[in-house]
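Welcome, and thanks for opening your viewer. Keep the selection tool at hand, because we will hop from place to place and look around at each stop.

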Amino acid sequence: MKKLLSYLLIATMLICSFSVVACNDEIIDVYEEPETEATEKETQNPTEKPTEKPTEKPTEKPEDDEKEPIADGKIHIGMTAPLSDDVALFGMAVQRGANIAVKEINEAGGINGVELLLTVYDDKNKAENVVELYEKLVDEGMQISLGSVTSSCCKVFAENAQKDGMFVLTPSATNLDVFEYDRLYGMDIAYMEEMDILIDYLHSLDIGKSVPIIYNGDYPYAVERKDYLLEKAPDLFKNDLVIDDEFYWDEMEWDLLDPFLEYDNLVVLDYLDNTSLDMIAGDIEFLSDEDKNFIGVCTDYDFKWGKVIDQGATVLLPFDINERKGDYAEFFDKYYDIGYDNALVALGYDAVYAIYEALLLAIENGGEISPEMTAAEFGEILDGIFADGFEFDALTGGEGDGRGMVTWNADGRVKKKLVPVKFEYDL
């Protein structure tokens, strides 16, 4: 049981659980040769949240320098993603979801008969690769963009896109400094805002006492989240109710768990060590002789997680994975057959459909959309739609069957719900 519980809690918070499969699509997918040395996964650092985007207009290029669209009768969408580094499956997941959406839209007739074309280049999760790849995408006719998958790469992408007046809807970049750029919007919840949602959820439970936190002090990302919770919600969390699982527990240290045994609910933060978490969580369950509710947030959800759960847990997710009907179930079938396990696929899927529906709305409002339009022209239209209270019914919108209405803040951050999903599996 302890081992299974360990898998549960690790999967709850990790955003990197994928099944490795090849990506061969009919839509343009571009790879670079894999590197021999893996790069370290980028660590996201919180910055002060902007309240609105800068008021300056995108830097205008001389009219003669503006790229003319490629005359192939299609609307070109471009992006970069890690496809061959240590987080390649992040990029492959987003790419796959975007590909599914493009294929569906084109098969349904496109945008008034105009098809979409998606091109993805491998940035290897290195920001220094993005400028050259961005220019390559522009040269090949990019008119709209999904930016980049990781925040460090997306920041460079957004800086260049702003100069061209390009519209960018990144499926998964979340660092707040990315949202400083004009005409850039996000599909995933911005960094640390999931902690605000967690705080609101715990307040709604009216628990009546503080909630313990389990985290790993070896991971800066987890430490930042722990510190954020303690600072933002001192009524919910106290320093003496925090367990750092970086050290190994043994029977001689069981007495250190005594202060936590009386609590029915415990918060678990991401990036936890397998062995020590197994000891901590397992011992808490064993010593208290009753089930505990481990609460967490996982916006990039692992679909296979439910298969290893043997204890009760509540996780705030973009959709209720217990639902087996409606739009979510239909998407799950497409998704699962491919072999990817992470909700980043759904974010890529949502991002393309959000652009599609925004363009349809522009047409409905009397605008003209054609494949002959420049990136700046598409950028002006899409930015106007998204900044004007555009509502999109997203798979990752935080409602029961996966559909939920999302909108965007003035600075481009998405506003969406997360739904608490309760798991109670018996061995």
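Start by selecting Tyr349 and Tyr353: both of these residues are buried. Keep in mind as you look that this is a predicted model.

**Stop 1: two tyrosines on a helix**

Stay with this pair and show the helix that carries them. Tyr349 and Tyr353 sit 4 residues apart in helix H9, which covers residues 344-364, so about one helical turn separates them. Now turn the view until you can see both rings. How are the rings of Tyr349 and Tyr353 arranged? They form a tilted aromatic pair, with 5.0 Å from centre to centre and 50° between the planes. The total for the model is 10 aromatic pairs.

For another group of rings, select Phe167, Tyr185, Phe386, Phe390 and Trp408 together. Ring pairs link these five residues into a cluster.

**Stop 2: the whole chain**

Zoom out and colour by secondary structure. You should find 10 helices and 14 strands in the protein chain. The chain has 427 residues, and 60% of them are buried. Its accessible surface comes to about 17,700 Å², and carbon and sulfur atoms account for 47% of that. Take the contacts between residues at least 6 apart in sequence: 76% of them join residues at least 24 apart.

For an example of distant places in sequence meeting in space, select Glu377 and Met166. Their C-alpha atoms are 8.3 Å apart, although their positions lie 211 residues apart in sequence. Glu377 belongs to helix H10, residues 375-386. Is Glu377 buried or partly exposed? Its relative accessible area is 39%, so Glu377 counts as partly exposed.

**Stop 3: a buried threonine**

Next, select Thr80, which lies in strand E1, residues 74-81. Thr80 is buried, with a relative accessible area of 0%. Show the side chains around it. Which side chains make polar contacts with Thr80? One is that of Asp123, at 2.7 Å, and another is that of Ser148, also at 2.7 Å. Beyond its neighbours within four places in sequence, Thr80 is in contact with several other residues, including Tyr121, Val130, Leu133, Leu137 and Phe157.

**Stop 4: strand E8 and its partners**

Select residues 265-268, which make up strand E8. Both faces of E8 are covered: Asn265 and Val267 are buried on one side, and Leu266 and Val268 are buried on the other.

Now add the partners of E8 to your selection. Strand E6, residues 213-215, runs parallel to E8 and is joined to it by 2 bridges. Look for Ile214, whose bridge partner in E8 is Val268. Strand E9, residues 293-297, also pairs with E8 in the parallel sense, over 3 bridges. Here Val267 has Ile295 as its bridge partner.

**Stop 5: a loop leucine and a helix arginine**

From Leu266, move to Leu241: their C-alpha atoms are 9.6 Å apart, and the two residues are 25 apart along the chain. Leu241 sits in the loop between helix H6 (220-232) and strand E7 (242-244). With 4% relative accessibility, Leu241 counts as buried. Among the residues in contact with Leu241 are Ser210, Pro212, Ile213, Phe260 and Tyr263.

Pause at Tyr263 and show Lys209 as well. The charged end of Lys209 sits over the ring of Tyr263, 5.0 Å from the ring centre.

Then select Arg225, which is in helix H6. Is Arg225 buried or exposed? Arg225 is buried, with a relative accessible area of 2%. Leaving out residues up to four places away in sequence, Arg225 touches Met192, Glu194, Met195, Leu269 and Asp270.

**Stop 6: a small sheet to finish**

For the last view, select strands E11, E12 and E13. They form an open sheet of 3 strands in the order E11-E12-E13, with antiparallel pairing. Which strands are at the edges? They are E11 (392-394) and E13 (414-415), each of which pairs on one side only. E11 pairs with strand E12, residues 404-408, in the antiparallel sense over 3 bridges. To see one pairing up close, select Asp393 and its bridge partner in E12, Met405.

Notes:
Residues numbered from 1 in each chain as written. Predicted model: local features only at pLDDT ≥ 70, side-chain atom pairs only at ≥ 80, totals over all residues. Heavy atoms only, no water. Pairing = 2+ DSSP bridges. Buried < 20%, exposed > 50% of the residue type's maximum accessible area, 1.4 Å probe, protein only. Polar contact = N/O pair within 3.5 Å; in protein donor to acceptor, adjacent residues only side chain to side chain. Contact = heavy atoms within 4.5 Å. Phe/Tyr/Trp six-rings, centres within 6.5 Å; stacked < 30°, edge-to-face > 60°. Lys NZ or Arg CZ within 6 Å of the ring centre and 35° of its normal. Areas by Shrake-Rupley, 256 points an atom, 1.4 Å probe, with all protein chains shown as cover.
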